[in-house]
Amino acid sequence: MESGPAIFAGVVFALFGAGLLAWTGTRLRRREPVAAGVSRVASAAVASLAGTIALSLAVYCLTRL
């Protein structure tokens, strides 16, 4: 019974992390700002870190089944 919420949370974290990393990569490849009004390097670093943390949480949730 507890595996349902773990699967849901893992999938949500995986989709968010993958989407954020894909979006950040696309913005950087097009030489567009990742966040408005912030240094491109700093915003790319923070967005990449957040995406990586989300993917790590997804792996954690999905391995706890």
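Which residues make the nonpolar surface patch of about 460 Å²? In this predicted model, the patch is made by I7, V11, L15, L62 and L65. Helix α1 gives the most to the patch, with 3 residues. One of the patch members, I7, is found in helix α1 and counts as partly exposed, at 38% relative accessibility. That label follows because 38% falls between the 20% limit for buried residues and the 50% limit for exposed ones.

The patch belongs to a chain with a simple secondary structure, which comes to 2 helices and 0 strands. Helix α1 covers residues 3-29, and helix α2 covers residues 40-63. The overall dimensions are worth a look alongside this inventory. Taken along the principal axes, the box filled by the C-alpha atoms is roughly 45 × 15 × 15 Å. The radius of gyration of the protein chain is 14 Å, whereas a compact globule of 65 residues would have a value near 11 Å. Among contacts with a separation of 6 or more, 65% are accounted for by residues 24 or more positions apart.

Turning to the surface as a whole, the protein chain exposes about 4,600 Å², and 71% of this area is supplied by carbon and sulfur atoms. Buried residues make up 20% of the 65 residues. Two residues with hydroxyl side chains, one in each helix, help to illustrate the buried part of the model.

In helix α1, T24 has a relative accessible area of 2% and is therefore buried, the cut-off being under 20%. The side chain of T24 reaches the backbone oxygen of L20 at 2.8 Å. Once neighbours within four places in sequence are left aside, T24 is in contact with V34, A44, A47 and S48. Of these partners, A44, A47 and S48 have numbers that fall within the 40-63 range of helix α2.

In helix α2, S43 is likewise buried, with a relative accessible area of 7%. The side chain of S43 reaches a backbone oxygen too, in this case that of R40, at 3.2 Å. Not counting residues up to four places away in sequence, S43 touches V34, A35 and V38. V34 thus appears in both contact lists, as a partner of T24 and of S43.

Note on methods:
Residues numbered from 1 in each chain as written. Predicted model: local features only at pLDDT ≥ 70, side-chain atom pairs only at ≥ 80, totals over all residues. Heavy atoms only, no water. Helix = DSSP H or I, 4+ residues; strand = E, 2+ residues; numbered from the N terminus. Buried < 20%, exposed > 50% of the residue type's maximum accessible area, 1.4 Å probe, protein only. Polar contact = N/O pair within 3.5 Å; in protein donor to acceptor, adjacent residues only side chain to side chain. Contact = heavy atoms within 4.5 Å. Rg over C-alpha atoms; globule rule 2.2 N^0.38 Å. Areas by Shrake-Rupley, 256 points an atom, 1.4 Å probe, with all protein chains shown as cover. Patch = residues over 30% accessible without salt bridge, like charges linked within 9 Å, V, L, I, M, F, W, Y side chains within 5 Å. Salt bridge = Lys/Arg side-chain N within 4 Å of Asp/Glu carboxyl O.
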